[in-house]
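User: I should like to learn how backbone and fold features are read from a model. Please take them one at a time, with the general idea before the case.

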Amino acid sequence: QVQLVESGGGLVQAGGSLNLSCAASGSFSMMLTMAWYRQAPGKQRELVAIIISGGSTNYADSVKGRFTISRDNTKNTVYLQMSSLQPEDTAVYFCNCYATLGFSNRYYWGQGTQVTVSS
């Protein structure tokens with residue numbers, strides 16, 4: 001199993017910044033990808049940003065230029081730096097990873113952290 005623990009959510013005014021972090025632990029042999037998703041009330045969960053083990057990244061169009069995803073492989077931790085936040089960024093943000101345990105690869109989810117942007 002893999003456990004993902006997020007931290008860093010909270011309330012911020014529009015135009016402000018927040019940093020999220022997610023630490024992974026467990027008996028995995030490889031962490032293939034780490035990502036952040038978000039889900040706003042009444043909406044489907046959507047991919048915000050993803051980073052693969054080699055360091056390549058991809059972002060949702062809505063956050064390009066404002067959010068930065070990074071990872072520390074020595075700590076099995078992924079970060080999301082969010083700037084120029086807007087009310088439409090309000091959502092529960094979930095950490096996600098695709099990890100290898102034994103002979104199989106599986107997706108795992110964190111419990112989520114609330115980000116609220118006030119106008």
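User: In which loop does asparagine 76 lie?

Analyst: In this predicted model, asparagine 76 belongs to the loop that links β7 and β8.

User: How is the phi angle of such a residue to be read, and what is the phi of asparagine 76?

Analyst: Most residues other than glycine have a negative phi. Asparagine 76 departs from this sign: its phi is positive, about 50°, although the residue is not a glycine.

User: Which other loop residue has a positive phi of about 50°, and where is serine 84 found?

Analyst: Serine 84, also not a glycine, has a positive phi of about 50°. Its place is the loop between β8 and β9, the latter covering residues 91-101.

User: How is accessibility classified, and are these two residues buried, partly exposed or exposed?

Analyst: A residue is buried under 20% relative accessible area and exposed over 50%, with partly exposed in between. Asparagine 76 has a value of 24%, so it is partly exposed. Serine 84, at 37%, is therefore partly exposed as well.

User: Turning to the strands beside the first loop, how are β7 and β8 joined?

Analyst: Strand pairing is read from bridges and from direction. β7 and β8 (residues 77-82) are joined by 6 bridges and run antiparallel. Within this pairing, threonine 68 stands opposite glutamine 81 of β8.

User: What is the strand order of the sheet that holds this pair?

Analyst: The sheet is open and has 4 strands in the order β1-β3-β8-β7, paired antiparallel. β1 (2-7) and β7 (67-72) each have a single partner strand because they stand at the edges, and one side of each is left without a neighbour in the sheet. From one strand to the next, the twist averages 15°.

User: How many helices and strands does the chain have?

Analyst: The chain contains 0 helices and 11 strands. Its pattern along the sequence is accordingly written β-β-β-β-β-β-β-β-β-β-β.

User: How does one judge the overall dimensions, and what is the radius of gyration of the chain?

Analyst: One sets the radius of gyration against the value for a compact globule. For 119 residues that value would be near 14 Å, and the chain agrees, with 14 Å. Along the principal axes, the C-alpha trace spans about 45 × 25 × 20 Å.

User: What share of the residues is buried, and what share of contacts joins residues at least 24 apart?

Analyst: Buried residues account for 42% of the 119 residues. Of the contacts between residues at least 6 apart in sequence, 55% join residues at least 24 apart. The chain exposes about 6,200 Å², of which carbon and sulfur atoms supply 50%.

Definitions and conventions: Residues numbered from 1 in each chain as written. Predicted model: local features only at pLDDT ≥ 70, side-chain atom pairs only at ≥ 80, totals over all residues. Heavy atoms only, no water. Pairing = 2+ DSSP bridges. Helix = DSSP H or I, 4+ residues; strand = E, 2+ residues; numbered from the N terminus. Axes fitted to C-alpha atoms, helices over the stretch in contact; angles between N-to-C directions. Rg over C-alpha atoms; globule rule 2.2 N^0.38 Å. Buried < 20%, exposed > 50% of the residue type's maximum accessible area, 1.4 Å probe, protein only. Contact = heavy atoms within 4.5 Å. Areas by Shrake-Rupley, 256 points an atom, 1.4 Å probe, with all protein chains shown as cover.
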